[in-house]
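Dear colleague,

Here is the structure we spoke of handing over. Please look through it first, and then read the notes underneath.

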Amino acid sequence: MANIWDHYSSAQDFVGYKGQQVGFLDRDGTICHEQPISRAGEQVALIEGSAEGVALLKHHGYYLIVITNQPRISRGEADEGRLREINDALSGQIETLTGERIDHFLYCPHEDNACPWRKPNPGMLQFAALRLGLDITRTTVVGDSHKDILAGQAVGARTIQVLTRNLVSDGTPKPCQPNHTAPDLLAAAHLILRLDHISV
Ligand SMILES: [Zn+2]
């Protein structure tokens, strides 16, 4: 695992990208609560404000890419097909509520920080930037974890930490220095529009 193209074969094509502004969103702890991956067919538990935040950015033309660490795959607790089902269910639930879908999902199945895709490494951001021809410094990374913020900072993206969880497993907040904080994804979406000088 040495470079960002190692996950290329597992990444699906970016559909529908037309050069618009891009937002990168963490999944668990930012859009939805951590998903018990073994339970098939259940609704994903959305975090308050997240569907509305996705919809607000979509209404203003943003292309939204989820970037998520999913080490349960390498641990054998779930397979990639199941992960895609959950991602589809998540996007479908947001669509039912708001009429908008998340555009694309990228994930790292590994547990080892040697993988360049595993946040806090910025491989997913770099991959998307190369595939889409993005100026990554004009994108925003939104996440609850210091790992999301560090990944964004590593490539010079704007970073917004949502204070929806922001705890490591022992309950101690892990410090990081995002550009901005927001109580949830809806507030983060309003902030992005304001920073990008888009009037709502
Ligand atoms: Zn990986």
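What follows is an account of what was found, beginning with the sheet and ending with one loop residue.

Please keep in mind throughout that this is a predicted model.

The sheet is an open one of six strands in the order E3-E2-E1-E4-E5-E6, with parallel pairing. Its edges are formed by strand E3, residues 104–108, and strand E6, residues 180–182, each of which pairs on one side only. On average, and with direction ignored, neighbouring strands of this sheet are turned by 25 degrees against each other.

At the E3 edge, E2 and E3 run parallel and are joined by five bridges, and one pair that can be picked out there is Ile67 with its bridge partner Leu106 in E3. The connection deserves a look as well, since E2, H2 and E3 make a right-handed β-α-β unit. Although E3 is an edge strand that pairs on one side only, it is largely enclosed by the rest of the structure, because five of its five residues are buried. From E3, His104, Leu106 and Cys108 point one way, while Phe105 and Tyr107 point the other way, and all are buried.

Towards the other edge, strand E5 (residues 158–162) pairs in the parallel sense with E4 over four bridges and, again in the parallel sense, with E6 over three bridges. In the pairing with E4, Thr140 has Arg158 of E5 as its bridge partner; in the pairing with E6, Ile160 is matched with His180 and Val162 with Ala182. E5 is mostly covered, with five of its five residues buried, and this holds for both faces: Arg158, Ile160 and Val162 lie on one side and Thr159 and Gln161 on the other, all of them buried.

A second right-handed β-α-β unit is made by E4, H4 and E5. Within this unit, helix H4, residues 146–154, lies across E5 and strand E4 (140–143), and the helix runs at about 170 degrees to E4.

Helix H1, which spans residues 50–59, is likewise mostly covered, eight of its 10 residues being buried. Those buried residues are Ser50, Ala51, Glu52, Gly53, Val54, Leu56, Leu57 and Lys58, and they pack against strand E1 (22–25), strand E2 (63–69), helix H2 (80–98) and helix H5 (185–195). After H1 comes Gly61, which has a positive phi near 90 degrees.

Lastly, I would draw your attention to Asp184, which is found in the loop between E6 and H5. Is this residue, Asp184, buried or exposed? Asp184 is neither in full, but partly exposed, because 19 other C-beta atoms lie within 10 Å of its own, whereas a buried residue would need 20 or more. Once its neighbours within four places in sequence are left aside, Asp184 is in contact with Ile47, Glu48, Gly49, Ser50, Val162 and Thr164. Two of these residues have already appeared above: Ser50 is among the buried residues of H1, and Val162 is the residue whose bridge partner in E6 is Ala182. Asp184 and Gly143 are 41 residues apart along the chain, and their C-alpha atoms are separated by 9.4 Å.

With best wishes

Terms used: Residues are numbered from 1 along each chain as its sequence is written. This is a predicted model: local features need pLDDT of at least 70, side-chain atom pairs count only at pLDDT 80 or more; totals for chains, interfaces and linings use all residues. Two strands pair if DSSP finds at least two bridges between them. Helices (H or I, at least four residues) and strands (E, at least two) are DSSP runs, numbered from the N terminus. Axes are lines fitted to C-alpha atoms, for helices over the stretch in contact, and angles run from 0 to 180 degrees between N-to-C directions. Two residues are in contact if their C-beta atoms, placed from the backbone, lie within 7 Å. A residue is buried if 20 or more other C-beta atoms lie within 10 Å of its own, exposed if 12 or fewer, and partly exposed in between; C-beta atoms are placed from the backbone. A crossover is right-handed if, with the strands pointing away from the viewer, the path from the first strand over the helix to the second runs clockwise.
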